[in-house]
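Here is a short guided walk through one structure. Keep the sequence and the 3D view at hand as you read.

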Amino acid sequence: LQERIIHLESRIPKTYPDVKFLNYMNRKRVLITGGAGFVGSHLVDKLMLEGHEVIVVDNFFTGRKSNVEHWIGHENFELIHHDIVNPIFIEVDEIYHLASPASPPHYMHNPVKTIKTNTLGTINILGLARRLKAKVLIASTSEVYGDPDIHPQPETYWGHVNPIGPRACYDEGKRVSETLTYAYAKQENMHVRVARIFNTYGPRMHMNDGRVVSNFILQALKDEVITVYGTGDQTRSFQYVSDLVEGLVALMRSNYSQPVNLGNPVEHTINEFATIIKNLVGGNNKIIHVNGVEDDPQRRRPDITRAKVHLNWEPKVILDVGLQKTVEYFRRELKRFRFNPRD
Ligand code: NAD
Ligand code: UDP
């Protein structure tokens, strides 16, 4: 044991990214549920660099320690392995509640668990916020609009969701999550924020999350055919992850308590998107059409007037730039995976 201790002590100390010094009055203790996931880990980075104390709670269903490993051991950072379907007792000033699978294959993998996470999990987090009198931001989704018959989608639109379809566990789960949030806010006089997040992409997306961005980039990089589901005429609007993180923080710090769309209004058909990625990666991939998926929303584009007016926020990163960074990330991941196939 003594030898092991000496060995550990002699190791080069870990260096961390430079964090700002914040005095006690300005430093917040922030809980991020789902903070080891794609979006959550970028939010961790922003708040840590600003000098706040960050506590991540995650059950690692789709998140990974490697997303936040650069902070492990830092005095301002704590990582707790916990499933939010069970209550948690900690002391914080602010809560960003992001824990939930987000990609269709992940949330359809165990639909009952997805519903539990978004209902029981949200109740636990709202209960925690009530006890602490903490401000809480709930990560909702454009999926609350379902397959929309109003385009683009403003927050006032109530949505068009199939309550018993394959996506319902997520769509309805998030709708109940919003309902719970406003019920608590009204009944318990709480400070709540609701972000309706539209399709987001960037580094640290899960390689096998089955979403269109990761699928198309990986297919292009691996010289495989690019698979468009259905006709490819369905549309999506893609925002880069740093824009979303800026929006989440702006919303938390605003005085605005109604739901706010956070997304990039530049809209593409999935056919166009396949060609954009193919050209960016520079391969000769064939683009093929395979069976469409059930209840696939046909059009999606955020109306971001509210975010502009109340948060002074709008996305800054254009698709080409964001995709370039994402392609580089996937290239590195593929290399890493070749060396560590069990990663
Ligand atoms: P992600 O899957 O990368 O991250 C979700 C995180 O939550 C993971 O770390 C996962 O392990 C954790 N988690 C899941 N269930 C949990 C549970 N029961 N207890 C504790 N932790 C749990 O997904 P993401 O893309 O980072 O999404 C983050 C949030 O944003 C989600 O709430 C999602 O619904 C929402 N959102 C994301 C997008 C997008 O395009 N990325 C779009 C709309 C909404
Ligand atoms: N899609 C596709 N090929 C894929 C993965 C997805 O054509 O390999 C389509 C999917 O049918 C949908 C769009 O791309 O119309 C976005 O799908 P994603 O799963 O990324 O997110 P969604 O917005 O549906 O939650």
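What follows looks at one helix and then at the surroundings of two ligands. The model is a predicted one.

Start with helix α2, residues 38-49. Its twelve residues, at 1.5 Å a residue, should span 16 Å. The C-alpha atoms at its ends lie 17 Å apart, so expectation and model agree.

Is this helix enclosed or open? Nine of the twelve residues of α2 are buried, so the rest of the structure largely encloses the helix. The buried stretch begins with F38, V39, G40, S41, H42, L43 and V44. L47 and M48 are buried too. Several elements cover these residues, including the strands β1 (29-33), β2 (53-58), β3 (77-81), β4 (94-97) and β7 (200-201). Helix α7 (241-253) is also part of the cover. Just past α2, G51 adopts a positive phi of about 100°.

Now turn to ligand 1. The shell around ligand 1 holds 29 residues, and G34, G37, V39, T62 and G63 come nearest. At least two residues each come from α2, α4 (111-132) and β5 (135-141). Helix α2 gives the most, with three residues. By class, 13 residues of this shell are nonpolar, 14 are polar and two are charged.

Ligand 2 has its own surroundings. Here 14 residues form the shell, and R211, V212, N215, Y229 and Q234 are the closest. The elements that give two or more residues are α6 (212-221) and β8 (226-229). Strand β8 gives the most, with three residues. This shell has six nonpolar, five polar and three charged residues.

Definitions and conventions. Residues numbered from 1 in each chain as written. Chains lettered and ligands numbered in written order. Predicted model: local features only at pLDDT ≥ 70, side-chain atom pairs only at ≥ 80, totals over all residues. Near = placed C-beta within 6 Å. Helix = DSSP H or I, 4+ residues; strand = E, 2+ residues; numbered from the N terminus. Nonpolar A, V, L, I, M, F, W, Y, C, P; charged D, E, K, R; others polar. Expected span 1.5 Å × (residues − 1). Buried ≥ 20, exposed ≤ 12 C-beta atoms within 10 Å, placed from the backbone. Contact = placed C-beta atoms within 7 Å.
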